[in-house]
Structures are given as C-alpha cells and as structure tokens.
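User: Could you show me how to read the helices in a model like this one? I'd like the general idea, then the case here.

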Amino acid sequence: MKRGLLIIDRGSKEDEVKTELSTICSKVMERGNYAFADYCFLEVVPPFIKDGIQKCLKADIDSLTIVPYFLYPGKKVKMAVNEAIKFQAGTSVKMTFTKPMSMHPAMTEIVESKIQLALKKEGIDLPDSKIDVLIIGHGSKDPNARISIRYVADSLRARYKSVDYCFLEIEEPTIPQGIEKCDKNKPEALAIVFYFLHEGAHVKRDIYGDLNPALEKSQIKKYVITEHIGTDEKMIDFIITRAREVEDAD
C-alpha cells in the first residue's frame with residue numbers, strides 16, 4: 001500500500017516557515033517510508049487545504065494521513081479537519097486524521113531537550129534543580145490551549161526549580177507578568193522556552209517586543225532563550241508516531 005502524508009499548518013507569510021515545513025516533509029517521507037509527503041495551510045497564504053489535497057491525490061497513493069500541525073487542540077484543528085474531510089467523498093483514497101501535536105510525552109521531551117541545549121550553549125553549568133523555566137506560548141481563546149501548555153509545564157516541574165508559562169497575546173499571564181513572577185523567585189538562571197512551531201513573525205520579532213523590556217526591568221541577570229521547535233528530530237519522530245496511531249488502527 002502506498003501511503004501519503006499531508007501536514008496542515010496554520011499558515012504564515014514568513015519564508016522560513018515554508019523552508020522548515022519542506023524539510024520536515026522530506027524527513028518524514030524518508031523516515032516514515034511514505035510515497036509522498038507535503039504541507040498546506042489552513043489560512044493566511046497558499047497552498048491552502050484544497051491545493052494540498054489535490055496535489056496529494058495526483059501522487060498515485062492508496063491512503064492519505066492528514067496531520068493537523070498545531071500545538072494546541074481547539075477551533076483551528078477542527079477547522080482544518082472539517083475542511084479536509086470534505087474531499088473524502090470525491091476520491092477512493094482513504095483519508096485518516098491524526099491528533100494534533102499536543103498532550104503527549106514527546107512534547108515534554110522536545111522542550112526539555114531545547115532547554116538543555118540552550119543551557120549548554122551558554123555555558124550554564126547548574127543542577128536542573130536550580131534552574132527556573134518560563135514557557136512562552138501564543139495564547140488562544142480556546143481553553144484547551146491552556147490545558148496543552150500546562151501539560152508540558154506540569155511534566156517538567158519534577159526536574160526544575162520552578163516552571164511557569166505565559167502567553168504572547170490574547171490571554172494571561174502576559175509575558176511581562178510571566179517575567180515578573182519569575183523575578184520574584186530570584187532565579188540563579190532562567191530558561192525561557194519559545195513554545196512555537198516555526199520561525200515566524202512571533203519568534204523573530206513579536207515576542208521580543210514584550211520580553212526585552214520585561215527582562216530589563218527585572219533583576220534577572222542570567223537567562224537563556226531556547227530555539228523554537230522547528231525541524232527538531234524529535235518532532236519528526238513525533239509526527240510519525242501520531243501518524244502510526246491512526247494508520248495502525250486501520
């Protein structure tokens with residue numbers, strides 16, 4: 001059976017996002033033994049879902065695994081799945097849909113590896129029990145988004161001195177509020193986690209508009225900022241894991 005895989009991302013105008021997704025698809029196709037793998041976007045810019053599915057169906061595949069590539073469950077995931085499922089009636093290619101990239105130990109492992117890499121890069125040699133962590137997520141009106149980031153934070157608390165989270169926009173705590181709370185803990189070193197899939201506008205510019213002034217106002221002297229998730233090898237494996245969950249259930 002020839003399987004194809006389609007990643008549905010939210011969408012971004014930043015070229016780096018398309019570059020990262022192209023790399024991810026190439027690695028997933030090779031490592032997951034897919035005949036075809038590609039990406040499309042829910043909104044913002046093409047290729048949109050219709051374009052992505054049509055391209056997949058021209059690739060001579062027997063089944064198509066569709067991955068809603070979102071860190072949080074919620075309205076965006078439902079929109080992506082509902083839009084894609086419309087095309088099932090017009091093809092004999094069987095479509096299956098994975099869960100989003102959330103509420104799974106793999107996400108904790110990815111975040112933990114980003115923290116350790118950032119600490120090593122900056123030469124901070126302290127026990128994890130003396131490291132404070134602040135996870136910065138996007139923010140959402142959907143309550144499930146908070147549940148998802150809280151899952152990661154809760155999973156890390158046994159290892160680090162303290163673990164908190166905050167949001168770039170929409171909901172609280174805000175980034176200034178998050179930094180203020182960390183400051184009260186008087187951290188020896190603070191690891192700031194960019195909990196974002198891609199190197200989009202938020203990672204490149206928006207976060208720093210709030211983060212830099214908040215850090216300057218604080219008494220925090222030693223901190224590191226992790227890389228975003230990007231093309232992390234653990235994320236490639238997680239995508240395949242999500243795909244196998246539904247494929248093996250066929």
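User: How many residues does α5 have, and how far does it reach from its first C-alpha to its last?

Analyst: α5 has 14 residues and reaches 21 Å, close to the 20 Å expected at 1.5 Å a residue (1.5 Å times one less than the number of residues). Helices here are DSSP runs of H or I with at least four residues, strands are E runs of at least two, and both are numbered from the N terminus. This is a predicted model, where local features need pLDDT of at least 70, side-chain atom pairs count only at pLDDT 80 or more, and totals for chains, interfaces and linings use all residues. Residues are numbered from 1 along each chain as its sequence is written, and side-chain values use heavy atoms, leaving out hydrogens and water.

User: Which residues of α5 are buried?

Analyst: An α-helix has 3.6 residues a turn, so residues three or four places apart point the same way. In α5, the buried residues (under 20% relative accessible area, 1.4 Å probe, protein chains only) are Ala145, Ser148, Ile149, Val152, Ala153 and Leu156. They fall within an arc of 135° seen down the axis, so they line one face of the helix (the arc is that of directions from the helix axis to the C-beta atoms).

User: What do the buried residues of α5 pack against?

Analyst: They pack against α4, β5 (131-137) and β6 (162-167), with contact meaning heavy atoms within 4.5 Å.

User: And which residues are buried in α2?

Analyst: In α2 (residues 49-57), Ile49, Gly52, Ile53 and Cys56 are buried. Their arc is only 95° around the axis, which puts them on the same side of α2. Their cover includes β1 (3-9), β2 (36-41) and α3 (75-85).

Key:
Buried < 20%, exposed > 50% of the residue type's maximum accessible area, 1.4 Å probe, protein only.
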